[in-house]
Amino acid sequence: MLLGKKRKLGRKIEDITVGERLKLTEKIEDKDLLLYLGLTNDGNPLYIQHDFASTTSFEKPVVPNIMLTGIVTSAVSKYIPGPGSYICEQHLVFKKPVYHYATIDFLLEVADVDVRNNQVTIRVEGKDEEGAIYIDGTIVAQPPKTINRLTTQAMENF
């Protein structure tokens, strides 16, 4: 159960350095697409209907770009900076469509650390197995920053 459970926070701004990298590999499966489509009620036939997609310039169903964005933002929430971080800006360019069953290597790299504004800029790149770039861009996130309040600390002692 996640409710009421204390979770470890991600790293603070002072603990993050330019050049840190994270590589994730994701294979897009039917179950992922169906969960996304069911959750969002997005009925775009380009995402799921082979008959329709075959009549378009894409020729086959594509993965929704917002689903790919979710993979990237999830990596920010889980790893760089980690739990408790907040994404305040994102700029992602989808250079090519990602098709069902594709395997994409996501590379996230810390490009800038702004201690004064508590913001980290992360370069994002998504490539296929042959090295072709599908996703390129940046995300700006605020690492977790807790405020020590007397009442919070006192309540935790009970």
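Modeller: Welcome! One definition before we start: helices are DSSP runs (H or I) of at least four residues, numbered from the N terminus. Please also keep in mind that this is a predicted model.

Biologist: Thanks! In which helix is the place of Thr-73, and is Thr-73 buried or exposed?
Modeller: Thr-73 has its place in helix α3. Leaving aside its neighbours within four places in sequence, Thr-73 is in contact with Ile-87, Gln-90 and Ile-139. Its relative accessibility is 18%, and the cut-off for buried is under 20%. So the answer is helix α3, where Thr-73 counts as buried.

Biologist: Stepping back, what pattern does the protein follow along the sequence?
Modeller: The protein has four helices and five strands. Read from start to end, these elements follow the pattern β-α-α-α-β-β-β-β-α.

Biologist: How are the strands ordered in the open sheet?
Modeller: Strands of a sheet pair through backbone hydrogen bonds, either parallel or antiparallel. Here the five strands pair in the antiparallel sense. At the edges are β1 and β2 (86–94), each pairing on one side only. Between those edges come the others, giving the order β1-β3-β4-β5-β2.

Biologist: How many bridges join β3 to β4?
Modeller: The two strands run antiparallel, and one example of facing residues is Leu-107, opposite Glu-125 in β4. Their hairpin has four residues between the strands. The number of bridges joining β3 to β4 is nine.

Biologist: And which residue of β3 is the bridge partner of Leu-22?
Modeller: β1 and β3 pair in the antiparallel sense over seven bridges. On this side of β3, Ile-104 has Glu-26 standing opposite. For Leu-22, the bridge partner in β3 is Leu-108.

Biologist: Let's return to α3. At about what angle does α3 run to β2?
Modeller: α3 has 14 residues and reaches 20 Å from its first C-alpha to its last, close to the 20 Å expected. This helix lies across β1, β2, β3, β4 and β5. Its angle to β2 is about 135 degrees.

Biologist: Which elements do the buried residues of α3 pack against?
Modeller: The buried residues of α3 include Leu-68, Ile-71, Val-72 and Ala-75. An α-helix has 3.6 residues a turn, so residues three or four places apart point the same way. The elements that the buried residues of α3 pack against are β1, α1, β2, β3, β4 and β5.

Biologist: Which element gives the largest share of the largest nonpolar core?
Modeller: In soluble globular proteins, nonpolar side chains tend to be buried together. The core in question has 33 residues, and those with the most contacts inside it are Ile-28, Val-63, Leu-68, Val-98, Phe-106 and Leu-108. Among the elements that each supply at least two of its residues are β1 (21–27), α1 (30–40) and β3 (103–114). The largest share, six residues, comes from α3.

Biologist: Where does Leu-46 lie, and is Leu-46 buried or exposed?
Modeller: Not counting residues up to four places away in sequence, Leu-46 touches Phe-52, Ala-53, Thr-56, Phe-58, Pro-61 and Val-62. One of these, Thr-56, is 10 residues apart from Leu-46 in sequence and 8.4 Å apart in space, C-alpha to C-alpha. Leu-46 lies in the loop between α1 and α2 (50–53). With a relative accessible area of 13%, under the 20% limit, Leu-46 is buried.

Biologist: Now the backbone. What is the phi of Tyr-101 near?
Modeller: Most residues other than glycine have a negative phi, and most peptide bonds are trans. Tyr-101, in the loop between β2 and β3, takes a positive value instead. This residue is partly exposed, with a relative accessible area of 41%. The phi of Tyr-101 is near 70 degrees.

Biologist: Asn-41 has a positive phi too. Is Asn-41 buried or exposed?
Modeller: Asn-41 is in the loop between α1 and α2, with a phi near 60 degrees. Its relative accessibility is 69%, and the cut-off for exposed is over 50%. Therefore Asn-41 counts as exposed.

Biologist: Last one: what form does the peptide bond from Ile-80 to Pro-81 take?
Modeller: Pro-81 lies in the loop between α3 and β2. Omega of the bond from Ile-80 is near 0 degrees. The form of this peptide bond is cis.

Key: Residues numbered from 1 in each chain as written. Predicted model: local features only at pLDDT ≥ 70, side-chain atom pairs only at ≥ 80, totals over all residues. Heavy atoms only, no water. Core = buried A, V, L, I, M, F, W, Y, C linked by side-chain atoms within 4.5 Å. Buried < 20%, exposed > 50% of the residue type's maximum accessible area, 1.4 Å probe, protein only. Contact = heavy atoms within 4.5 Å. Pairing = 2+ DSSP bridges. Axes fitted to C-alpha atoms, helices over the stretch in contact; angles between N-to-C directions. Expected span 1.5 Å × (residues − 1).
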